[in-house]
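I opened this structure to see how some of its parts fit together. These are my entries, in the order I looked things up.

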Amino acid sequence: MPINLDRRILDELIANDIEFVTTVPCKQLAGVILEIENEDRILHVPSNREDEGMGLCVGAYMGGKKSCIIMQNTAIGVTINALSTLIQFYQFPLPMLISFRGEVGEAIACQVEMAIHTKPLLAEMNIPTYHFHNPSDVEEFGDILKYTQMSKKPVAILTDSNFWRGGG
Amino acid sequence: MNRSEVLKAIVPIISDELVICNVGLPSQELFLFDDQPSNFYMLGAMGLCSSIGLGLALSQYSKVIAIEGDGSILTNLGALPTIANNVANNFVLFIIDNSSYGSTGDQPTYTGKKTSLTGVAAACGCECVVECQAEDAPDALRAAMESDRMTVIVCKCQPGNIPVSVIELSPVTIRDRFVSEVERRAVKQKRVQKLTKLS
């Protein structure tokens, strides 16, 4: 039986006490965003840009709510300063669940341009990065959330088209 | 009055409140005038002061004041619709609008020309937007704090800076002492709620 990835991700967020989530949409993330919006145990505050979302997450964390940002990889560029001078400089834990557009299975050529830069940018920023390619990779999501809180770092979880298509 | 004079004038009102303060000279000035563990100084990440303030206000019950600048909010105007649509009545966004990028040498911003931040905030859906002159800032801020209503204040003032030193606190120290202060207030509030129930 195929894993319900949207539900599984939501369950892990709840199991790991994530109470504040901000999102900027991607069609691959539509299902998980809907799950979060309908979940009373999580405060969902959509943001207009990803660096704004990181500011919201920092405020929520300091207010006692563990937070998470859900975003697309094309926005990595606009978050470099926030990641460096806010999240890393002050040592805030920030799980980033990222739709990895532009990989095999992509229909839009322009998405490939940022896909090429995604892992090099994260590596240049010394951000621990995990790549979910097969649906079973979701098994590690809970442990990555724990690792993020322990390390007090931004941590990227890249989720590609094959992962969301159920590996088929 | 310039920004530093506005800040000095509002210190008695904000001294015991949770404050998120904008990067550069505003944080350095607040640090000089009234350093408190309840002040979160931005050392970087220009433009995110309002967003941090909203996230904090939505996540706990104490009042939160975000001290923004016109240049800073102009880099993150997307924060205003988010603020308008996620109402936190314990949140005051206090924008000191000196129509200039003070920390970089007083280059003019567009708020000294055609752009009204008051109009922008209202158009974004913020329901309580107050524009005041620098001299009226303490009264406007006090009224906002007492209203228990999310308020955006646009305080018009003159450009100009005073000599200040950089903040020598480490970012982790700023974070830790601020979070301790948030937790202390949360514990105090719970105790008051318990006592109120008992009586």
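**Entry 1: B:Ser4**

I began with B:Ser4, which touches B:Glu29, B:Asn161 and B:Ile162, leaving out residues up to four places away in sequence. I note here that the model is a predicted one. I placed B:Ser4 in helix H1 of chain B, residues 3-14. Is B:Ser4 buried or exposed? I found 23 other C-beta atoms within 10 Å, so B:Ser4 is buried. I then checked the distance to B:Ile162. B:Ser4 and B:Ile162 are 158 residues apart in sequence, yet their C-alpha atoms are 7.2 Å apart in space.

**Entry 2: B:Val182**

Next I went to helix H8 of chain B, residues 171-198, where B:Val182 sits. I counted 20 C-beta neighbours inside 10 Å, so B:Val182 counts as buried. Which residues does B:Val182 touch, not counting those up to four places away in sequence? In chain A, I listed A:Met62, A:Gly63 and A:Gly64. In chain B, I listed B:Leu18, B:Gln60 and B:Ser62. I looked up B:Ser62 again for its distance. B:Val182 and B:Ser62 are 120 residues apart along the chain, and 7.9 Å separates their C-alpha atoms.

**Entry 3: the contact between the chains**

That sent me to the contact between the two chains. How many residues does each chain give? Chain A gives 25 residues and chain B gives 26. On the side of chain A that touches chain B, the elements giving two or more residues are H3 and H4 of chain A. H3(A) supplies the largest share of that side, with nine residues. I also sorted that side by class: 12 residues are nonpolar, nine are polar and four are charged.

**Entry 4: H3(A) against H4(A)**

I stayed with these two helices. H3 of chain A covers residues 50-62 and H4 of chain A covers residues 76-88. I read a packing angle of about 25 degrees, with the axes 8 Å apart. Angles under 35 degrees count as roughly parallel, so H3(A) is roughly parallel to H4(A). From H3(A), the contact uses A:Glu50, A:Asp51, A:Met54, A:Gly55 and A:Val58. From H4(A), it uses A:Val78, A:Thr79, A:Asn81, A:Ala82, A:Leu86 and A:Ile87. By class I wrote down six nonpolar, three polar and two charged residues for this contact.

**Entry 5: the kink in H4(A)**

I then followed H4(A) from end to end. H4(A) has 13 residues, but its end C-alpha atoms are only 15 Å apart. A straight helix would reach 18 Å at 1.5 Å a residue. Where is the kink in H4(A) centred? I found it centred on A:Ala82, with a bend of about 40 degrees. A:Ala82 is also one of the buried residues of H4(A). The others I noted are A:Ile76, A:Thr79, A:Leu83, A:Leu86 and A:Ile87. I looked for what covers these buried residues. The cover includes H3, strand E4 (94-100), helix H5 (109-124) and strand E6 (154-160) of chain A.

**Entry 6: two positive phi values**

I checked the backbone angles next. Most residues other than glycine have a negative phi. A:Gln91 has a positive phi, near 60 degrees, and is not a glycine. I placed A:Gln91 in the loop between H4 and E4 of chain A. A:Gln91 has 15 other C-beta atoms within 10 Å, so it is partly exposed.

In chain B I found B:Asp106, which has a positive phi of about 60 degrees although it is not a glycine. B:Asp106 lies in the loop between strand E5 (100-101) and strand E6 (107-108) of chain B. B:Asp106 has 15 other C-beta atoms within 10 Å, so I marked it partly exposed.

**Entry 7: B:Ala134 and H3(B)**

I ended in chain B. B:Ala134 is in the loop between strand E7 (129-133) and helix H7 (137-147). I counted 19 C-beta neighbours inside 10 Å; a residue needs 20 or more to be buried, so B:Ala134 counts as partly exposed. Leaving aside neighbours within four places in sequence, B:Ala134 is in contact with B:Met1, B:Glu5, B:Val6, B:Cys155, B:Lys156 and B:Cys157.

My last look was at helix H3 of chain B, residues 49-59. I found 11 of its 11 residues buried. Among them are B:Cys49, B:Gly53 and B:Ser59.

How values were computed. Residues numbered from 1 in each chain as written. Chains lettered and ligands numbered in written order. Predicted model: local features only at pLDDT ≥ 70, side-chain atom pairs only at ≥ 80, totals over all residues. Axes fitted to C-alpha atoms, helices over the stretch in contact; angles between N-to-C directions. Helix = DSSP H or I, 4+ residues; strand = E, 2+ residues; numbered from the N terminus. Parallel < 35°, antiparallel > 145°, perpendicular 65-115°, else oblique. Contact = placed C-beta atoms within 7 Å. Nonpolar A, V, L, I, M, F, W, Y, C, P; charged D, E, K, R; others polar. Expected span 1.5 Å × (residues − 1). Bend = angle between axes of the 7 residues up to and from the residue. Buried ≥ 20, exposed ≤ 12 C-beta atoms within 10 Å, placed from the backbone.
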